[in-house]
Amino acid sequence: MNATMVTKKLMLFFPRCECEKPIIYHLVKDHNLIVNVYRAKVTPEEEGYLVLDVTGTEADIDKAMAFVRTFNVTINYSGKGVTWDPQQCTHCGHCIVHCPTGALHIGNPKTREVAFSEKDCIECLACIRVCPFGACASAF
Ligand code: SF4
Ligand code: SF4
């Protein structure tokens, strides 16, 4: 019987000296993961990060993350690279046409209130640029 495939959103923080390592290559080749990178800042001179989805079996993902940790890379499983603050949001709706995935959408058709679906966010950062009220922010 095939093991169930799951997708997890992760952030990997690289210490300065580990940024050149071909970690993604090994996640795909050695650990059978499908990798979808949303955002990356990886340069040898600085600390770096990757925001990515990995898809595979729980066992393969666990083994892959154990491998990643051997490079002194910190793994953040919350995957919260972009946040939306409902206290700051005025529900003006301006961001909705700019959001390519519908992560920001009308959550309540009666009140026209905006809602954020974190799982649909691909971290394009468009909402951060266009929100007049600073309701969307990036962790980086
Ligand atoms: S970062 Fe992009 S995908 Fe995510 S909520 Fe903002 S506009 Fe939508
Ligand atoms: S542009 Fe900003 S304030 Fe307006 S609905 Fe979007 S997140 Fe809320």
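A residue is taken as near a ligand if its C-beta atom, placed from the backbone, lies within 6 Å of that ligand. By this criterion, 13 residues surround ligand 2 in the predicted model. The closest of them are Cys89, Cys92, Cys95, Cys131 and Ala135. The shell around ligand 2 holds nine nonpolar residues, four polar residues and no charged ones. Ligand 1 has 15 residues around it. Cys99, Ala103, Cys121, Cys124 and Cys127 come nearest to ligand 1. Its shell divides into 12 nonpolar, two polar and one charged residue.

The overall layout of the chain comes next. The protein chain has 140 residues, of which 25% are buried. Its C-alpha trace spans about 50 × 45 × 20 Å along the principal axes. Three helices and eight strands are present. From the N terminus, these elements follow the order β-α-β-β-α-β-β-β-β-α-β. Contacts over long sequence distances are common in this model: among contacts with a separation of 6 or more, 64% join residues 24 or more positions apart.

The domain assignment divides the chain into domain 1, residues 5-76, and domain 2, residues 82-138. The centres of domain 1 and domain 2, taken over C-alpha atoms, lie 27 Å apart.

Strand E3 pairs with two other strands. E1 and E3 run antiparallel and are joined by 10 bridges. E2, residues 34-41, is also antiparallel to E3, with seven bridges between them. A hairpin of six residues links E2 to E3. Threonine 55 of E3 is a shared point in this arrangement. It is the bridge partner of threonine 7, and isoleucine 34 also stands opposite threonine 55.

The packing of nonpolar residues was examined next. In soluble globular proteins, nonpolar side chains tend to be buried together. The largest nonpolar core of the model contains 15 residues. Within this core, Leu12, Tyr49, Val54 and Ala64 touch the most other members. At least two core residues come from each of strand E1 (5-14), helix H1 (23-29), strand E3 (48-57) and helix H2 (58-69). E3 gives the most, with five residues. Leucine 12 illustrates the packing. Beyond its neighbours within four places in sequence, leucine 12 is in contact with Tyr49, Leu50, Val68, Val73 and Ile75. A second, separate core comprises 14 residues, including Ala103, Phe116, Ala135 and Cys136. Two of these core residues recur in the ligand shells: Ala103 is among the residues nearest ligand 1, and Ala135 is among the closest to ligand 2.

Strands E6 and E7 form a further antiparallel pair, joined by four bridges. Isoleucine 106 has valine 114 of E7 as its bridge partner. The hairpin of E6 and E7 has four residues between the strands. In this hairpin, arginine 112 takes a positive phi near 65°. How do the side chains of E7 (residues 113-116) point along the strand? They alternate. Val114 and Phe116 point to one face and are buried. Glu113 and Ala115 point to the other face and are not buried. In a regular strand the side chains alternate between the two faces of the sheet. Phe116 is also one of the members of the second core.

Two loop positions complete the description. Valine 97 sits in the loop between strand E5 (82-84) and strand E6 (104-108). Is valine 97 buried or exposed? Valine 97 is exposed, because 10 other C-beta atoms lie within 10 Å, and a residue with 12 or fewer counts as exposed. Alanine 126 is 29 residues away from valine 97 along the chain, and their C-alpha atoms are separated by 10.0 Å. Threonine 70 lies in the loop between H2 and strand E4 (74-76). Threonine 70 has 8 C-beta neighbours inside 10 Å and therefore counts as exposed. Phenylalanine 140 is 70 residues from threonine 70 along the chain, with 24 Å between their C-alpha atoms.

Notes. Residues numbered from 1 in each chain as written. Chains lettered and ligands numbered in written order. Predicted model: local features only at pLDDT ≥ 70, side-chain atom pairs only at ≥ 80, totals over all residues. Nonpolar A, V, L, I, M, F, W, Y, C, P; charged D, E, K, R; others polar. Domains from an automatic or database assignment. Core = buried A, V, L, I, M, F, W, Y, C linked by C-beta atoms within 7 Å. Buried ≥ 20, exposed ≤ 12 C-beta atoms within 10 Å, placed from the backbone. Contact = placed C-beta atoms within 7 Å. Pairing = 2+ DSSP bridges.
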